[in-house]
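Welcome, and thanks for taking a look at this one. Please open the model in your viewer and keep it at hand while you read.

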Amino acid sequence: MTTHETIAYDFLAPPQIVFGWGRRREVGSLGRTLGCRAFLIGGLPEGIGEKLIDEIGGLLQAEGVDPIALATIRHEPEVADVDRVAADLRGHGAAEGDFLLGIGGGAAIDLAKAAAAMATNTQSTTVKDYLEGVGAGLTLEQKPLPVLAMPTTAGTGAEATKNAVISSYDPPFKVSLRDPRMVPRIALLDPELSVTVAPDVTAGGGMDAITQLIESYISRRAKPIPQALSIQGLQLAVPAIAEAVENGASQGAREAMSHAALLSGMALANSGLGFAHGVAPALGIHCRVPHGVACALMLPAALRVNREVRRDELAHLAHLLFGVDNRRSPEQAVDVLIERIEQLCDRVGVPRRLSQVGVSREKIPDIVKSSRGSSMKANPRDVSDEELTTILEEML
Ligand SMILES: [Zn+2]
């Protein structure tokens, strides 16, 4: 922000954030403030998932909340998943006094948010009709059921956002169901839950958070509170991500990454994203590239694309994150930022070339066509189809 700009903004965040090592044990008393029946949606690996769901169920029961295991999801949610879970909820007569508890990565939390919205909005039985740009253009008339979000990975920040990302492979799209009332009522973050997350998932999630923090910081819709959050998130995540990947039991690294991911969610929900998040869903639906990996892959290109129009902001990040001397030219500082981000991707084992994640030249026209969602619109400058095609071809 420069001083002569007029400042006007809204800021949206979960009304209650509960953060701390071991604090999952408070889920019962927190849940009771939302309702008497908790519909659980889990997204954890087999073996760990059942044990944790049992633990959470017991903690809820101890406080007089009836836990009902509703669904398990281990892939990014699709239209059919949301429609099925919402129908189950309606079958249970879910209404006032009930809430959803999403526990897992972004997939489980987004599925909980979308199902909570579809349970009370019944103009159509498919979520597709409510999705941005692909369906009948319906909007939510009724407020969704409350959601308690418990992330077990550090990445998407879905515990703090007002949208749920929903995929379809035929026809191919990956877009959002979005409404300010979809922000989870309680975000309960226990970083201890992330100690068992595999190194590659930690790397992808962590790079997603870093990408979200940078893209929202330089977005066309960047706003002052999220920019402050982005700085704090990046100062925590950039030094911690390698430690979290290499030494999963590190409390300090896990706490830093969980907090940074939460901040990235608040930042993106208010400021939007940009180029990398414009292309990432297209890589997901056409080549099944996981979201975090896709973001990390596209981040250096996003920095290059925007380096002219956001030179001072990027130079500032280079100074804060990598100690680049303020007396160096902003161009040199941005060079260092890009180089260090690429080194970080290498260090945590994220691929750098599109061919490494199964993208072929023939797929590029489809990827370009599917990259025009709300994130690309928030990128600080327009990128033409021709320019995007060239960038992707050079990354093969
Ligand atoms: Zn993301």
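The notes below go through the zinc site, the nonpolar cores, one helix residue and the cavities of this predicted model.

## The zinc site

Let's begin with the metal. Four protein atoms serve as donors to the zinc ion: OD of D208, OE1 of Q212, NE2 of H277 and NE2 of H291, lying 2.1 Å from it. Along the chain, these donor residues follow the spacing D-x3-Q-x64-H-x13-H. Q212 sits in helix α5 and H291 in helix α9, so this pair ties together parts that are 79 residues apart in sequence.

What is the geometry of the site? The angles among the four donor atoms run from 87 to 148 degrees, and the site is irregular. For reference, four tetrahedral donors would ideally show angles of 109.5 degrees. Two of the donor residues also have their burial computed: Q212 counts as buried because its relative accessibility is 2%, and H291 is buried too, with a relative accessible area of 18%.

## The nonpolar cores

Next comes the packing. The largest nonpolar core holds 50 residues, and M207, I210 and L317 touch the most other members. Strand β8 (186-189) supplies at least two of its residues, as does each of the helices α5 (199-218), α6 (224-246), α7 (251-271), α9 (291-306), α10 (311-322) and α11 (330-347). With 10 residues, α6 provides the largest share.

L317 is a handy place to zoom in. Leaving aside residues up to four places away in sequence, L317 touches I214, Y217, I231, L234, F322 and L337. There is also a second, separate core of 34 residues, with I68, Y130, L140 and L145 among them.

## A buried glutamate

E342 is worth a stop as well. This residue belongs to helix α11. Is E342 buried or exposed? The relative accessibility of E342 is 15%, under the 20% limit, so E342 counts as buried. Beyond residues up to four places away in sequence, its contacts are P300, R304 and R352.

## Cavities

Finally, the empty space. Searching the whole structure turns up three cavities of 30 Å³ or more, and the largest cavity contains about 70 Å³ of space.

Which residues line the largest cavity? They are T153, A154, S194, V197, V201, T202, G206, A244, R254 and M257. Helices α5 and α7 each contribute at least two residues to this lining, and α5 gives the most, with three.

Terms used:
Residues numbered from 1 in each chain as written. Predicted model: local features only at pLDDT ≥ 70, side-chain atom pairs only at ≥ 80, totals over all residues. Heavy atoms only, no water. Core = buried A, V, L, I, M, F, W, Y, C linked by side-chain atoms within 4.5 Å. Buried < 20%, exposed > 50% of the residue type's maximum accessible area, 1.4 Å probe, protein only. Helix = DSSP H or I, 4+ residues; strand = E, 2+ residues; numbered from the N terminus. Contact = heavy atoms within 4.5 Å. Donors = N, O, S within 2.8 Å, 3.2 Å for Na, K, Ca; no water. Tetrahedral: all angles 85-135°; square planar, octahedral: opposite > 155°, others 65-115°. 1 Å grid on protein atoms, 1.4 Å probe; cavity = no way out; pocket = protein on both sides within 12 Å on 5 of 7 lines; lining within 4 Å. Points joined across faces, edges and corners; volume = space filled by probe spheres on them.
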